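Hi everyone, thanks for making room for me today. I'll walk you through one protein chain, going from the overall picture down to a few single residues. Have a look at it first, and then we'll start.

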Amino acid sequence: MGLPRVHRLRNRRDFNQVYNHGVRRSTEHLTLRALHVSSVHIPAGDSQTSDSHPDVCDRSVSTGVHTTIQPTQIGVVVSLKVSKRAVVRNRIRRRIQAAIRELLPQMAPSWKVVVIARPGLIQCNYQEILQQLKQLLTDSQVLYGHS
């Protein structure tokens, strides 16, 4: 069972946005890139705001101010460097997603997060993945109570 649809980061544009503007944190087996959506600056007078960034912001009609009220979206990347076998890569991706599902209720809204597996992750069990992921999310201030 993967992540709920509203919490999935799917578009290349969103991944590139996180890579280009997000903070980077690393552990021995995982790298995390995180971007708070309100830190993306979109001009209030931009006429294409609702068309070009429908998932990023909502424009308040009365005030003209952009507000972000979207759930945290997460993408998981497991490259060929981790393993040449798709079965192994998919198993790692499912373990990471299961750890994310466990931590999802503690995450603050309006974040875009990319979790990148590193080659040594094959030897890690679920508890090690969960512990490293929790550390990365805490360091990047994505978890509640740490912002």
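**A walk through the chain**

Let's begin with who touches whom: if you take the contacts in the protein chain between residues at least 6 apart in sequence, 74% of them join residues at least 24 apart. Keep in mind that what you're looking at is a predicted model.

How far should we trust it? The mean pLDDT of the protein chain is 84, and 77% of its residues reach 70 or more. There's one stretch to treat with care, though: over residues 42–62 the pLDDT is below 50. That stretch still has 36 contacts in the model beyond near neighbours in sequence.

Now the parts list. The protein chain has 4 helices and 6 strands. If you trace the sequence from start to end, the pattern reads α-β-β-α-β-β-β-α-β-α. Of the 147 residues, 42% are buried. As for the outside, the chain exposes about 8,400 Å², and carbon and sulfur atoms supply 50% of that.

Let's zoom in on the first two strands in that list. Strand β1 covers residues 23–26 and strand β2 covers residues 30–36, and they pair in the antiparallel sense over 4 bridges. A hairpin of 3 residues takes you from β1 to β2. If you want a spot to click on, try Val23: its bridge partner in β2 is Ala34.

Next, the inside. How many residues does the largest nonpolar core have? It has 30. The ones with the most contacts inside this core are Ile96, Ile100, Met107, Val113, Val115, Leu133 and Leu137. And where do the core residues come from? The elements giving two or more are β2, β5 (73–77), α3 (86–103), β6 (111–117) and α4 (126–139). Helix α3 gives the most, with 6 residues.

Take Leu137 as an example. Leaving out residues up to four places away in sequence, Leu137 touches Leu32, Leu103, Met107, Val113, Val142 and Leu143. There's also a second, separate core of 6 residues, and among its members are Phe15, Leu35, Val114 and Ile116.

Staying with α4 for a moment, another residue in that helix is Gln132. Is Gln132 buried or exposed? Buried residues are those under 20% relative accessible area, and Gln132 is at 10%, so it counts as buried. Its contacts, again not counting residues up to four places away, are Thr27, Glu28, His29, Leu30 and Cys124.

On to charges. Side chains of opposite charge can pair when their charged atoms come close. How many salt bridges are there here? The count comes to 1. The two side chains that meet are those of Asp14 and Lys112, at 3.0 Å from N to O. Asp14 is in helix α1 (residues 12–21) and Lys112 is in strand β6, so to speak two distant parts of the chain, with their positions 98 residues apart. Both partners count as buried: Asp14 has 2% relative accessibility, and Lys112 has 1%.

Now for some backbone oddities. Most residues other than glycine have a negative phi. Which residues go the other way here? Two to look at are Ser110, with a positive phi of about 70 degrees, and Gln141, with a positive phi of about 65 degrees. Neither Ser110 nor Gln141 is a glycine. Ser110 is in the loop between α3 and β6, while Gln141 is in the segment after α4. Their surroundings are worth a look too: Ser110 counts as buried, at 5% relative accessibility, whereas Gln141 counts as partly exposed, at 41%.

One last stop, back at the start of the chain. Val6 is in the segment before α1. What does Val6 touch, apart from its neighbours within four places in sequence? It is in contact with Pro71, Thr72 and Gln73. Val6 and Gln73 are 67 residues apart along the chain, yet their C-alpha atoms are separated by 7.1 Å.

So here's what I'd like you to take away. When you turn the model around, start from the 30-residue core, then find the salt bridge between Asp14 and Lys112, and remember the low pLDDT over residues 42–62. Thanks for listening!

Technical notes:
Residues are numbered from 1 along each chain as its sequence is written. This is a predicted model: local features need pLDDT of at least 70, side-chain atom pairs count only at pLDDT 80 or more; totals for chains, interfaces and linings use all residues. Side-chain values use heavy atoms; hydrogens and water are left out. Two strands pair if DSSP finds at least two bridges between them. A nonpolar core is a set of buried Ala, Val, Leu, Ile, Met, Phe, Trp, Tyr and Cys residues joined through side-chain atoms within 4.5 Å. Buried means under 20% relative accessible area, exposed over 50%, partly exposed in between (1.4 Å probe, protein chains only). Contact means heavy atoms within 4.5 Å. pLDDT is the predictor's confidence in each residue, from 0 to 100. Accessible areas come from the Shrake-Rupley method with a 1.4 Å probe; for residues, only the protein chains shown count as cover. A salt bridge is a side-chain nitrogen of Lys or Arg within 4 Å of a carboxyl oxygen of Asp or Glu.
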